[in-house]
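Please work through the exercises below with the sequence and the model side by side. Each one sets a task and then gives a solution that goes step by step.

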Amino acid sequence: MHRSEPIKLTDFYQPLHIANQKDYRKFSHKLKKISTEDISKLFKKSNYITLIGNAGSGKSTIVKYLFINAVQQGYKIPIKIELRYLNEYKHSFTDYIFNEIFLFHKLGFTTPIIERLLGGDSFVFFFDGYDEISSDKKEQVTQEIDKFVSRFPNNNFLITSRPYTNIDTLPLFSNYIVCDLDEKEIPAFVKKQISDNEEELSEKIIKAISKIDNRSYKTFLSNPLLLSMFILTFQSYSEIPKKRSDFYRQVFDTLYSVHDSVSKLSYVREKISGLPKDGFEDILRLFSFISFFEEKFIFQLEYLEQKLNIIKEKKKNLKFSNDNLIEDLQVAIGILNKEGLDYTFPHRSLQEYFAANYISNLSDQNKELIFKKIKTIIEKEYFYLINNHHFLALLGEQDYNSMMKLVAIPLLEDLFQNLETSNRLNLNDKYDTVCKTFLTAVELMQPELRKELIHKEFCENNRPNIILLGESRNKFEFPKDEKVISEKDVNSSIKIIRQNGQNWIEDIKKNIADQEKSDADIIDII
């Protein structure tokens, strides 16, 4: 939104609200919301806070605002750490804080001095992006964060994460959900993003949003990132497409053609790489696909150039200079940000969109290869379904039939087969099957078809909550506290799955066959 010149965060920050996770699950309509406007009030009840929110909910922006607020209030000394940097770090989490923060910035000159400083209550630590820690380091980093917090408990700590990363099981932390923007906050947010001398534009946007009747669209715009993107694309596309993937396409189109401010009218910045628009898209798809599956969300120049060289080697039709391309992506289009010596997408969701878009454009033979790989990844760790919810939603929108035929149906068939062959399932095995069935249905199927094809009594009304992941990383274990979930709940869900599971699969297959037949019928017309 604000890329032509620097602007103070406080000038456009709309204070977001958070809510206690337990209240959020029970009382979604009558929530007691807590403002993020004042850091001293935020930490009144607890020194340890987890902020959980979906992609684009504003977690990182809240952290940036609270950092500045801490300085302005003289509250405590704020230290912000983006946890994705630990993916490349060879030493421990504590070493990172001691060496890369305290020693590097000359906050302390020896280990004993740093330990004495941390032993007080002078610091507020922001650990941003727990969900961006690579899977092979997550367990180790989680344990080290827990040890660090326990070792220096008088300071304040705030961790941000997408949902279902298991971060909410850290023993000391109080868990909060980042609330969506409500209908009163959306107009205020719009006005904050647009300068005072463009009041007419902000009123047009607010009016366009108020006319939207579709509830799902309103939910779509309650996400700060997507609302910002809608504001950005409004003058080119004043309507919101039904599919989120189409919306990201509009965002790229807007960034590509009107990167410079509207006041420059029809001026389009020169692209020094000489690539056409579809060339940029091809490169972004390929790079995003590779980096996403390598779990890279921050790119050192060496990594960026290495992958671009691979792309040029494999795709002979793409000819470009790495330096010129990187400058175009960063300056002319604004889809790559430089942070220090490293590069990132403006938001991880753009990387997910281009990766999904690459897969959806593959040949049938290559789609089969990648979708089967995705199925294998899920089987090894079912939490992949929720850790990568946004990517899978974008992929499902763009190639739903392949997702169903090659991932969802085979997963469900395997789960139902386990039920048939296991005559004496213990409670943990039953609970594990219920959780995996629910996740497969909810995370891979479009909501409207899920309600139609997978019985509502299971998906919405009659299933136990998913509480925690067991030690094996791929086993959902029944919680010890029976007040949370009862054995009766699990048995009820198992009964529904056994009675209806095969019908669900047949319904999905019939739905796909009907779609494919209708396409064949249309082809026959000409």
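The exercises that follow treat sheets, aromatic rings, salt bridges, a surface patch and cysteines.

This is a predicted model, in which local features need pLDDT of at least 70 and side-chain atom pairs count only at pLDDT 80 or more, while totals for chains, interfaces and linings use all residues. Residues are numbered from 1 along each chain as its sequence is written, and side-chain values use heavy atoms, with hydrogens and water left out.

**Exercise 1. Determine the strand order of the seven-stranded sheet and identify its edges.**

Solution. Strands are DSSP runs of E with at least two residues, helices are runs of H or I with at least four, and both are numbered from the N terminus; two strands pair if DSSP finds at least two bridges between them. With these rules the seven strands form an open sheet of mixed pairing, in the order 2-1-7-3-6-5-4. Strand 2 (34-35) and strand 4 (77-82) each have a single partner strand, so one side of each is left without a neighbour in the sheet.

**Exercise 2. Describe the surroundings of strand 3 (residues 48-52).**

Solution. Begin with the pairing: strand 3 runs parallel to strand 6, with five bridges, and parallel to strand 7 (residues 174-178), with four bridges. Residue I49 illustrates both contacts, since it stands opposite L158 in strand 6 and has S174 as its bridge partner in strand 7.

Next, consider the side chains. In a regular strand the side chains alternate between the two faces of the sheet. Here Y48, T50 and I52 point one way, whereas I49 and L51 point the other way. Finally, apply the burial classes (buried is under 20% relative accessible area, exposed over 50%, partly exposed in between, with a 1.4 Å probe and protein chains only). Five of the five residues of strand 3 are buried, so the strand is largely enclosed by the rest of the structure.

**Exercise 3. Classify the ring pair F125 and F157, and place it in the fold.**

Solution. A pair of aromatic rings is described by the distance of the centres and the angle of the planes. Rings of Phe, Tyr and Trp (its six-membered ring) pair if their centres lie within 6.5 Å, and planes under 30 degrees apart count as stacked, over 60 as edge-to-face and the rest as tilted. The structure holds 33 aromatic pairs. For F125 and F157 the centres are 5.3 Å apart and the planes stand at 10°, so the pair is stacked. Because F125 lies in strand 5 and F157 in strand 6, the pair ties together parts that are 32 residues apart in sequence.

The backbone gives a further link, as F157 is the bridge partner of F125 in strand 6, and strand 5 (residues 123-128) and strand 6 (residues 156-161) run parallel, joined by four bridges. Both rings belong to residues that count as buried, F125 at 0% relative accessibility and F157 at 0%. Ring pairs also link these two residues into a cluster whose members include Y48, F93 and F173.

**Exercise 4. Compare the settings of two salt bridges, R162 with E352 and D521 with K517.**

Solution. A salt bridge is a side-chain nitrogen of Lys or Arg within 4 Å of a carboxyl oxygen of Asp or Glu, and the structure holds 25 of them. The R162 and E352 side chains meet at 3.0 Å, N to O. R162 lies in the loop between strand 6 and strand 7 and E352 in helix 16 (residues 348-360), so this pair ties together parts that are 190 residues apart in sequence. R162 counts as buried at 8% relative accessibility, and E352 is buried at 0%.

For D521 and K517 the N to O distance is 3.1 Å. Both residues lie in helix 24 (residues 487-525), four residues apart, which is about one turn of the helix. D521 counts as partly exposed at 36% relative accessibility.

**Exercise 5. Which residues form a nonpolar surface patch together with L117?**

Solution. Patches are made of residues with over 30% relative accessible area and no salt bridge, like charges being joined within 9 Å and nonpolar side chains (Val, Leu, Ile, Met, Phe, Trp, Tyr) within 5 Å; accessible areas come from the Shrake-Rupley method with a 1.4 Å probe, and for residues only the protein chains shown count as cover. The partners of L117 are F109 and I113, and together the three have about 270 Å² of accessible area. L117 itself sits in helix 6 (residues 111-118) and is partly exposed at 31%.

**Exercise 6. How many disulfides does the model contain?**

Solution. A disulfide is a pair of cysteine sulfur atoms within 2.5 Å, and by this rule the count is zero. As for individual cysteines, C179 counts as buried at 5% relative accessibility, and C435 counts as buried at 1%.
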